[in-house]
Amino acid sequence: MLAKLTLTIEQSVIEQAKEYAQKKNRSVSRIVEEYLKNIVSNHDISTSFSTLKSPITDSISGMFHDNGKSYSDMLSEALQDKYV
C-alpha cells in the first residue's frame with residue numbers, strides 16, 4: 001500500500017534531486033523509497049553507503065594508485081610528454 005510522506009528539505013536539494021531523477025528516468029519518490037529500504041535493510045546508517053551496489057566503480061576499484069602527485073601536476077606531465 002502506498003502512503004504519502006511530507007519531508008522538509010532545502011529547496012536547492014529538491015531541485016538537484018529532481019534533475020537527478022529526471023536524468024535517471026525515475027521519480028524522486030522512487031529514489032527516496034529505495035534509499036530508505038536500503039537503510040532499513042542494513043539496520044545501520046553508517047554502513048548503508050558502503051553496501052550500496054555500484055557496478056561501474058566496483059569494476060574499476062583498485063585500477064588506480066595514488067602516487068602522491070596532484071591531478072594538475074600529473075596532467076601537466078602527461079601533456080608535456082605528449083608534445084615533447
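Me: I'm looking at Lys69; does it count as buried, partly exposed or exposed?

Reply: Good place to start. This is a predicted model, and in it Lys69 counts as partly exposed, at 38% relative accessibility. That label fits because partly exposed covers the range between under 20% (buried) and over 50% (exposed).

Me: Which residue forms a salt bridge with Lys69?

Reply: The general idea comes before the case. Side chains of opposite charge can pair when their charged atoms come close. Here, Lys69 pairs with Glu77, and their closest N and O atoms are 3.0 Å apart. Glu77 is partly exposed too, with a relative accessible area of 33%.

Me: Which residues do shared salt-bridge partners join into one network?

Reply: Look at Arg30, Glu33 and Lys37, which are linked in that way. Within this group, the side chains of Glu33 and Lys37 meet at 3.4 Å, N to O. Glu33 and Lys37 are separated by about one helical turn because they sit 4 residues apart in helix 2 (residues 28-42). Glu33 is partly exposed, at 28% relative accessible area.

Me: How many salt bridges does a search of the whole structure find?

Reply: The search finds 4. Among them is the pair Arg26 and Glu34, whose side chains meet at 2.3 Å, N to O. Arg26 has a relative accessible area of 37% and Glu34 one of 36%, so both count as partly exposed.

Me: And the chain as a whole: how many helices and strands does it have?

Reply: Your protein chain has 5 helices and 0 strands. Of its 84 residues, 5% count as buried. The chain exposes about 8,100 Å², with carbon and sulfur atoms supplying 57% of that area.

Notes. Residues are numbered from 1 along each chain as its sequence is written. This is a predicted model: local features need pLDDT of at least 70, side-chain atom pairs count only at pLDDT 80 or more; totals for chains, interfaces and linings use all residues. Side-chain values use heavy atoms; hydrogens and water are left out. Helices (H or I, at least four residues) and strands (E, at least two) are DSSP runs, numbered from the N terminus. Buried means under 20% relative accessible area, exposed over 50%, partly exposed in between (1.4 Å probe, protein chains only). Accessible areas come from the Shrake-Rupley method with a 1.4 Å probe; for residues, only the protein chains shown count as cover.
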